[in-house]
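Please open the model in a viewer and keep the selection panel at hand. The tour below proceeds by selections, each followed by a description of what is found there.

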Amino acid sequence: MSSLAWIDFDEAERQRAQRIMALFQERETRDELGLGAIRDSIADHLFPGTSTIQTRLRYMLFIPWLYRALEKREVPEAQLRTEARDTEIRLADALKAGGESNGIIGRDAGPRLQRLPSSVYWAGLGAWGIRVFPGSLDSLFVALRGRGRSRGASSGEDALADTQTPAVWNPALPQMPGDLLESAVFRLTTDEAQFLIDRLIASQPTALLTMLAREGIDADCDYIWTHPHLSAFPSAARRLVQHGEVFSHVMHGAALLYNLALSELRQRDDWIEDYRARLKAWRDELDTGAVRAWSLDDFWNVVEHPAHAVRPAAKRFVSEWRDLVLAGTEQVISAPAARRLVEERERRLKISQSRYANHAVRDRWTGASGADRLSFRWAQAKSHLRDLAHAE
């Protein structure tokens, strides 16, 4: 059994490790060919604070409301953690009681829930300026325990502790409904929606998500580059979206070829037929003129993000795959050079866990790994924008 661990001496690195571990379970983050840093850089530029496992926007308020109530509890840390977990599970029941069905985290798992809403939304709460406490959820429990201890000190010590205890939530946070844990709904009030928009404007002023939220734009399209208001996007955002469209389409071919190769190794004729059909559709839809005009130098400049380091090997893989595509999409599916490029990339990344090399790992493969086209979390951003637009 493999595991991931880190030395706990740097809070920022600890949070980074937690985010990495959370990514392993997110559907769009299946990163078989090492393109995750590029994908996440684009997504974080366009839609900061989002995650592929987020569901509904009002969780951005549910979590602060529940934890602000818990802050008043003068109990040991272990009990505080237990009460926080129980409260989040009760929230799922309250949402069901309020008539909600889709988007409830823990709807079916109940007390067995492993990933609590707080862990799903914690990073987003910080990115949007709703959470002003700088640490992880674990460090919040430690801080609250210390705050509880300070109440038992003398008045002078207590006053000093209060000045040293950091704030947790934005002071403009709307009031929690009194019956939240009895009956809850996902629909935002207009005041709640405005609070969230204000936080985006203050914390992420240049993000496309902020512009769409501020303008109340709610559009139903599969990809951000098919948005009906694309021409009205700020120039920097429109430039990044156009880069993202080409990157998503070009590299989708490599992902499909990887899945086809594994299907052939597994000798699954049904999977082989499906991936050959999908590769043909990819080839037919690809705009080779746009690929030829695609400037990789400009692409690497615009996707650069402080939270994601794109390694030279990833850049080289994208460049070499693009060259193969431009040499002729007809040959990409069967060309030994294309298959070799994909296989070598996966082998270098996975080493002993490579599905090409490890029969046991390959035999556990269920027929699809990163086979969907990258959308850079547009589905989650679209859902959040819809929640804002439908506030009442």
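Begin with helix α13, whose buried residues pack against three helices: α2 (36-46), α10 (235-265) and α14 (312-327). The model is a predicted one. Within α13, select residues 296-303 and display the side chains of Leu 296, Phe 299, Trp 300, Val 302 and Val 303, which are the buried residues of this helix.

Before continuing, zoom out to the whole chain. The protein has 18 helices and zero strands. Of its 392 residues, 48% are buried. Among contacts between residues at least 6 apart in sequence, 75% join residues at least 24 apart.

Next, select α10 together with α14. Their axes lie 10 Å apart and the helices pack at an angle of about 90°. Angles of 65 to 115 degrees count as roughly perpendicular, so α10 is roughly perpendicular to α14. To display the contact, show Phe 247, Val 250, Met 251, Gly 253, Ala 254 and Leu 257 on the α10 side, and Phe 317, Val 318, Trp 321, Arg 322 and Val 325 on the α14 side. Coloured by class, the residues of this contact divide into nine nonpolar, one polar and one charged.

Keep α10 selected and add helix α16, residues 336-350. Here the packing angle is about 85°, with the axes 10 Å apart, which makes α10 roughly perpendicular to α16. In α10, the residues to show are Ala 254, Leu 257, Tyr 258, Leu 260, Ala 261 and Glu 264; they meet Ala 338, Arg 339, Val 342, Glu 346 and Lys 350 in α16. The class composition of this contact is seven nonpolar, no polar and four charged residues.

Which residues touch the most other members of the largest nonpolar core? Select Ile 38, Tyr 67, Leu 196, Leu 208, Phe 247 and Trp 321, which hold that position in a core of 112 residues. The largest share of the core, 14 residues, comes from α10. At least three core residues come from each of domain 1 (58-149 + 170-187) and domain 2 (232-363). In soluble globular proteins, nonpolar side chains tend to be buried together.

Conclude at Tyr 67. Leaving aside residues up to four places away in sequence, Tyr 67 touches Ala 84, Glu 88, Ser 118, Leu 137, Leu 140, Phe 141 and Trp 169.

Conventions: Residues numbered from 1 in each chain as written. Predicted model: local features only at pLDDT ≥ 70, side-chain atom pairs only at ≥ 80, totals over all residues. Heavy atoms only, no water. Buried < 20%, exposed > 50% of the residue type's maximum accessible area, 1.4 Å probe, protein only. Helix = DSSP H or I, 4+ residues; strand = E, 2+ residues; numbered from the N terminus. Contact = heavy atoms within 4.5 Å. Axes fitted to C-alpha atoms, helices over the stretch in contact; angles between N-to-C directions. Parallel < 35°, antiparallel > 145°, perpendicular 65-115°, else oblique. Nonpolar A, V, L, I, M, F, W, Y, C, P; charged D, E, K, R; others polar. Core = buried A, V, L, I, M, F, W, Y, C linked by side-chain atoms within 4.5 Å. Domains from an automatic or database assignment.
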